[in-house]
Amino acid sequence: MYSDTTVNKPTRPITLSKLQQMKRNGEKFTCLTCYDATFTHAMNNAGVETILVGDSLGMVVQGQDSTLPVSIDDMCYHTAAVKRGNSHAFIMTDMPFMSYSTPTQALDNAAKLMQAGANMVKLEGGSWLSDTIRLLSERGIPVCAHLGLTPQAVHKLGGYKVQGKDKAAADLILKESLELVSAGADILLYECIPSELGKSLTETVPVPVIGIGAGADTDAQVLVMHDMLGINIGRPAKFVKNFLTNGRTIEDAFTAYVTEVKNGTFPAAEHTFDA
């Protein structure tokens, strides 16, 4: 049976200030997607600092072929379920497709998510989100901005492809990142970008950086829970590792993930992308 005693489990609620302090101290933190109270409780026991109520629920819970059909009511329902099972993790919730097409619409829908139990909302996009993020920030709503591969725009991007591979594309991601931080973004999340770009961005931007397929040098890592438990449907992405192995329980798998992120063994080279 797998066991690990190296994880220092949080004893007090994780706040945005704590995540900022962890970045300053060079201390890695972890994030996993979650959609209900039971798995939230197991993640709490394993020491996962942040939970993302992801619109990935459209695919892994609802059986959709993309995240696009997910509604704001779906996100509120699952956020409330996670909140009820949570003791200390910082809860981020995705704003689903077309729920933030204007700043006013974004404010109305973000308020619903915060009232359901979110500590932060996450939006996908670049510079065009500046006015929206500024409005949310001014109203006291913390924001995570998601750049790189943005699944809600998968049809526009032409598929699930690595972003920022050439200098012009990398420079644009940096430019937009700084603009969004200036507008009030509190955390940046990068998906499917070259590991060197992930390292450069993490060293440059002043806010915590979460990566998924963005290399080992980001401040934190996130995976979809079903992927890291090896129960995903179809071929897993390159950045995915199955932690539910070697006789581990589900809670053991969460603990192993936390341990490997914090000691730098995950993600390994085989989970990352080159320019």
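How many nonpolar, polar and charged residues are there in the lining of the largest pocket? Keep that in mind as you open the viewer; the answer comes at the first stop.

**Before you start**

This is a predicted model, in which local features need pLDDT of at least 70 and side-chain atom pairs count only at pLDDT 80 or more, while totals for chains, interfaces and linings use all residues. Residues are numbered from 1 along each chain as its sequence is written, and side-chain values use heavy atoms, with hydrogens and water left out.

**Stop 1: the largest pocket**

Select Met59, Tyr160, Val224, Asp227 and Phe239. Of the 37 residues lining the largest pocket, these are the closest to its centre. The pocket has a volume of about 940 Å³. Here a pocket is an open set of points, on a 1 Å grid over the protein atoms alone, with protein on both sides within 12 Å along at least five of seven lines; a lining residue has an atom within 4 Å of a point. Points are joined across faces, edges and corners, and the volume is the space filled by probe spheres set on them.

Now colour helix H3 (57–60), strand S4 (120–124), strand S6 (187–191) and helix H10 (225–228): each of them supplies at least two residues of this lining. Helices (H or I, at least four residues) and strands (E, at least two) are DSSP runs, numbered from the N terminus.

And the opening question? The lining has 19 nonpolar, 10 polar and eight charged residues. In this count Ala, Val, Leu, Ile, Met, Phe, Trp, Tyr, Cys and Pro are nonpolar, Asp, Glu, Lys and Arg are charged, and the others, Gly among them, are polar.

**Stop 2: the second largest pocket**

Next, move to the second largest pocket, with a volume of about 490 Å³. Select Gly125, Gly126, Trp128, Thr150 and Ala153, the closest to its centre of the 24 residues that line it. Strand S5 (143–148), helix H7 (154–157) and helix H8 (167–183) each give at least two lining residues, and the largest share, four residues, comes from H8. By class, this lining has 10 nonpolar, 11 polar and three charged residues.

**Stop 3: H8 and its neighbours**

Keep H8 on screen and add helix H9 (195–204). The axes of H8 and H9 come within 11 Å and cross at roughly 25°. That makes the two helices, H8 and H9, roughly parallel. Axes are lines fitted to C-alpha atoms, for helices over the stretch in contact, and angles run from 0 to 180 degrees between N-to-C directions. Under 35 degrees counts as roughly parallel, over 145 as roughly antiparallel, 65 to 115 as roughly perpendicular, and the rest as oblique.

The crossing of H8 and H9 is right-handed; that is, the near helix is turned clockwise from the far one by less than a right angle, whereas anticlockwise would be left-handed. To see the contact (heavy atoms within 4.5 Å), show Ala170, Ile173, Leu174 and Ser177 of H8 with Leu197, Leu201 and Thr204 of H9. These residues divide into five nonpolar, two polar and no charged.

Now bring in H6 (residues 130–138). H6 and H8 pack at about 30°, with their axes 8 Å apart, so they too are roughly parallel. Show Ser130, Ile133, Arg134 and Ser137 of H6 and Glu179, Leu180 and Ala183 of H8 for this contact, which has three nonpolar, two polar and two charged residues.

**Stop 4: H5 against H6**

Add H5 (residues 103–116), whose axis comes within 9 Å of that of H6 and crosses at roughly 40°. This pair, H5 and H6, is therefore oblique. Pro103, Thr104, Ala106, Leu107 and Ala110 in H5 meet Asp131, Thr132, Leu135 and Leu136 in H6.

**Stop 5: the cavity and a cis bond**

Select Gly211, Ile212, Gly213, Gln221, Val222, Leu223, Phe239, Phe266 and Pro267, which line the largest cavity. A cavity is a set of points where a 1.4 Å probe fits but cannot get out. About 30 Å³ of space lies in this one, and S8 gives the most to its lining, with three residues.

Stay with Phe266 and Pro267: the peptide bond from Phe266 to Pro267 is cis, with omega near 0°.

**Last stop: Cys192**

Finish in the loop between S6 and H9, where Cys192 lies. Its phi is near 50°, a positive value in a residue other than glycine. Most residues other than glycine have a negative phi, and most peptide bonds are trans.
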